[in-house]
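Here are my notes on the model you passed along, in numbered points. Have the structure open while you read.

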Amino acid sequence: MTHPENSKSVEKRGRLFVISAPSGTGKTTLCDALRNTFPELCYSISYTTRQPRKGEADGRDYHFISVEEFKEGIALGRWAEWAEVHGNFYATSAFVLEETLGSGRDLLLEIDVQGMRQIVGCFPEAVTIFILPPSMNILRERLMKRGTDAAEMIERRMADAIREIARKDAYRYRIVNDDFERAKDALIFLVDACRKGEDPETTDYI
Ligand code: 5GP
């Protein structure tokens, strides 16, 4: 992957936003609201070896690929970052990342903590935001209500959530999704401010 400093084609590069949250935190709904507010904000569609859930479409929610294709992608250097999450592989396309930022457009990545660390290693200026559930009990309830995962998978996601939340301080900003409207306003405020080149001092929105 080309380091930002090495790209000569465009003077102003886009800003990179990384959002992470344990499953069931409402991240996708919050990010949808963000994308409606800023339609010009680009979104990187991740590659995954996970099976599509009901209602998910290939090329819209994810690019669903085989483990073989994924591993080939690693060998060919196709991924800006990749990680194994809940027993499946996920990755961000290095091409999409370079192409979008290089053409001066801002880009949103919805990736996990492992991916965030890799991205920040290459793009230290990336704005990182972690979304938290109000409590672990509420998170479990939300996962169960969602009805998309078997009981065993819910337990796995809960265990992963505990591990992820333990790393929340590695992010520049944290938002608790207790009241959706408040969480949405905080996210929009942060992204708007950072896109204007500001660096809000308040880091925790609870
Ligand atoms: P889900 O399977 O519920 O859509 O996502 C599971 C986890 O994988 C979430 O934490 C999500 O943020 C993460 N994830 C989705 N895409 C990527 C990606 O491209 N890279 C990494 N590292 N994590 C991802």
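1. Gly197 sits in the loop that runs between α7 (180-195) and β10 (204-205). This is a predicted model, so please read everything below with that in mind. With a relative accessibility of 46%, Gly197 falls in the partly exposed class, because that class covers values from 20% up to 50%. If you want a long-range pair to look at, take Gly197 and Gly24: they are 173 residues apart along the chain, and their C-alpha atoms are separated by 31 Å.

2. Stay in that loop for a moment, since Thr203 is also found between α7 and β10. Is Thr203 buried or exposed? Its relative accessibility is 19%, and the cut-off for buried is under 20%, so Thr203 counts as buried. Measuring across the model from C-alpha to C-alpha, Thr203 and Ile111 are 20 Å apart in space, with their positions 92 residues apart in sequence.

3. Now to the ligand. Its shell has 19 residues, and those that come nearest are Ser46, Arg50, Tyr62, Glu81 and Tyr90. By type, the shell divides into seven nonpolar, five polar and seven charged residues. Two strands to click on here are β5 (79-85) and β6 (88-93), each of which supplies at least two residues of the shell.

4. Which side chains make short polar approaches to the ligand? Ser46 is one of them, with an N or O atom of its side chain 2.6 Å from a ligand oxygen. Lys27 also points at an oxygen atom of the ligand, with a polar side-chain atom 2.7 Å away. For Glu81 the partner is a nitrogen atom of the ligand, and the distance from a polar side-chain atom is 2.7 Å. On its own the ligand has 510 Å² of accessible area, and the protein covers 95% of that. The space the ligand takes up is the largest pocket.

5. One backbone angle deserves a look. His86 is not a glycine, yet its phi is positive, at about 50°. Most residues other than glycine have a negative phi. You will find His86 in the loop between β5 and β6, the two strands that each give at least two residues to the ligand shell. His86 has a relative accessible area of 10%, so it is buried.

6. Another histidine to check is His63, which has its place in strand β4 (residues 63-64). How accessible is it, and what class does His63 get? At 24% relative accessibility it counts as partly exposed. His63 and Thr25 are 38 residues apart in sequence, and their C-alpha atoms are 22 Å apart in space.

7. Last, go to Arg13, in the segment before β1 (16-20). Arg13 is a charged residue by type, and it counts as buried because its relative accessibility is 16%, under the 20% cut-off. Arg13 and Ala33 are 20 residues apart in sequence, while the C-alpha to C-alpha distance between them is 24 Å.

Note on methods: Residues are numbered from 1 along each chain as its sequence is written. This is a predicted model: local features need pLDDT of at least 70, side-chain atom pairs count only at pLDDT 80 or more; totals for chains, interfaces and linings use all residues. Side-chain values use heavy atoms; hydrogens and water are left out. A residue is near a molecule or strand if one of its heavy atoms lies within 4 Å of it. A polar contact is a pair of N or O atoms within 3.5 Å; within protein, one must be able to donate a hydrogen and the other to accept it, and residues adjacent in sequence count only if both atoms are side-chain atoms. Accessible areas come from the Shrake-Rupley method with a 1.4 Å probe; for residues, only the protein chains shown count as cover. On a 1 Å grid over the protein atoms alone, a cavity is a set of points where a 1.4 Å probe fits but cannot get out, and a pocket is an open set with protein on both sides within 12 Å along at least five of seven lines; lining residues have an atom within 4 Å of a point. A molecule sits in a cavity or pocket if more than half of its atoms lie within 2 Å of its grid points. Helices (H or I, at least four residues) and strands (E, at least two) are DSSP runs, numbered from the N terminus. Buried means under 20% relative accessible area, exposed over 50%, partly exposed in between (1.4 Å probe, protein chains only).
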